[in-house]
Amino acid sequence: MLHLCSIFYLSCIILFLPFGAVYTKDFNALCSTCRQLVDNFVKGLEKTAKNNFGGGNTEWEERKLSKYESSEIRLTEILEGLCYSSSFECNHMLEENEEHFETWWFKRKTKHPDLFKWFCIETIKVCCPKGSFGPDCNTCIGGADKPCHGNGKCDGDGTRAGNGKCSCDKGYEGEFCLDCSDGYFSALRNETFSLCKECHKSCVGCIGGTNHDCKECRNGWEKDQEGACIDINECTKDPAPCKDNQYCLNTDGSFSCKECDIRCSGCKGPGFNNCLTCADGFKDDEGICTDINECTKDPALCKDNQYCLNTDGSFSCKECDTRCSSCKGPGANNCITCADGYKDEEGTCTEEKKEVPAFDSEGSQTGDSPKKHEDL
């Protein structure tokens, strides 16, 4: 007998444990689907608010049949537009509960105007009132008006799912979301209310909101003579924390290393006016590093058929135009001397024109052309 009871007990566990997991998941989804159905029904009411039977004699039809406002025709038009054809969940719920919509439409609408409450909560029981959860719609911790005392979310709130446990907002912790988490302090608290505010950024734990209220200072901060946590300026430390061609930028609780301007060889800040010394290719001009124009300093830097192009901190040699044998810049209008076959015309090297001998009407050369040889 005991053995049979044990088998029955185990069978119950095997049967109902999976159901419990599906139950929670299903009711979350079912409540969402039900809410969407009701929302679409309300939209359908608004869309059909000014419609009529459309038969041409609305007054007679409403006198003999019924008012369109509360007619079966209007209900049918609304129900037809509740679900997208691709939404299986919506269409399945509507198909299973179409009679409930008809009942509410013809018999319950006046007494129960809140369709969501009547249909989703009280009739098919897939949702709960706000601030309650689970199969029996138990009240969330903190009460239905302020679940989790207004400082978190109640698991399953508004559905037949969930366990009612609080998931606390940032800055709050504990079963009731009334305690302050690390980095926050209690500004106001009683049995049903708690206000937690963030500590000053210099604090590790605090009793108030200023840098004087820190229990300990964060890394990068230290206590002064008055007990306040103040920033450590890492940039003043010896040795310097950055590389030779970088400058140190102090920030609250830390620092960063930034690259010097290309005109500097070592610097104390951003820009060319903060150089310690000038980089190669630059010179100090009243405390500012300016570019050296190598092209004017040494005209013979490049070959005869090249010109010098100055760049920041350097230079490059570029080939002259093919029309030049020497030049001072790009193009034929910057030639110093022209290449063979070209001549200078108003400062531009242009191709020389070749003389073409003239011919008479019989095709003989004229002018200085050689005489024709005659046999004796």
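The questions and replies below walk through a predicted model of one protein.

Me: How many helices and strands does the protein have, and what percentage of its residues is buried?
Reply: The predicted model is a protein of 376 residues, and its regular elements are 6 helices and 22 strands. Buried residues, meaning those under 20% relative accessible area, make up a share of the protein that comes to 30%.

Me: Are the axes of helix α4 and helix α5 parallel, perpendicular or oblique?
Reply: Two packed helices are described by the angle between their axes and the distance between the axes. Here the axes of α4, residues 88–108, and α5, residues 115–123, come within 11 Å and cross at roughly 135 degrees. Angles over 145 degrees would count as roughly antiparallel and 65 to 115 as roughly perpendicular, so the crossing of α4 and α5 falls outside both ranges and is oblique.

Me: Which residues of α5 make the contact with α4?
Reply: The crossing of these two helices, α4 and α5, is right-handed. On the side of α4 the contact is made by N97, H100, F101, T103, W104 and R108, and these meet, on the side of α5, the residues L115, W118, F119 and T123.

Me: How many residues of the contact of α4 with α5 are nonpolar?
Reply: The residues of this contact between α4 and α5 divide into three groups, of which 1 residue is charged and 4 are polar. The nonpolar group in the contact of α4 with α5 numbers 5.

Me: Which residues have the most contacts inside the largest nonpolar core?
Reply: In soluble globular proteins, nonpolar side chains tend to be buried together. The largest nonpolar core of this model has 27 residues, and the elements that give two or more residues to this core are α1, α3, α4 and α5. One of its members, L115, touches V38, F41, F101, W104 and C120, leaving aside residues up to four places away in sequence. Those with the most contacts inside the core are F41, L82, F101, L115 and F119.

Me: How many residues are in the other core, which lies apart from the largest one?
Reply: This other core includes Y247, C264, C275 and A279. The largest core has 27 residues, whereas the number in the core lying apart from it is 8.

Me: Is C308 buried, partly exposed or exposed?
Reply: C308 is found in strand β17, residues 306–311, and it touches C295, L301, C302, F315 and S316, not counting residues up to four places away in sequence. Its relative accessible area is 22%, and since buried means under 20% and exposed over 50%, C308 is partly exposed.

Me: Is A228 buried or exposed?
Reply: A228 is found in the loop between β11 and β12, where it touches N211, H212, E222 and K223, not counting residues up to four places away in sequence. Its relative accessibility is 1%, which is under the 20% limit, so A228 counts as buried.

Me: Which residue does a cis peptide bond join to D238?
Reply: Most residues other than glycine have a negative phi, and most peptide bonds are trans. The cis bond here has an omega of about 5 degrees, and the residue joined to D238, placed in the loop between β12 and β13, is P239.

Me: What is the phi of C177?
Reply: C177 lies in the loop between β5 and β6, and C177 is buried, with a relative accessible area of 0%. Its phi is a positive value in a residue other than glycine, near 55 degrees.

Definitions and conventions
Residues numbered from 1 in each chain as written. Predicted model: local features only at pLDDT ≥ 70, side-chain atom pairs only at ≥ 80, totals over all residues. Heavy atoms only, no water. Axes fitted to C-alpha atoms, helices over the stretch in contact; angles between N-to-C directions. Helix = DSSP H or I, 4+ residues; strand = E, 2+ residues; numbered from the N terminus. Parallel < 35°, antiparallel > 145°, perpendicular 65-115°, else oblique. Left-handed = near helix turned anticlockwise from the far one by under 90°. Contact = heavy atoms within 4.5 Å. Nonpolar A, V, L, I, M, F, W, Y, C, P; charged D, E, K, R; others polar. Core = buried A, V, L, I, M, F, W, Y, C linked by side-chain atoms within 4.5 Å. Buried < 20%, exposed > 50% of the residue type's maximum accessible area, 1.4 Å probe, protein only.
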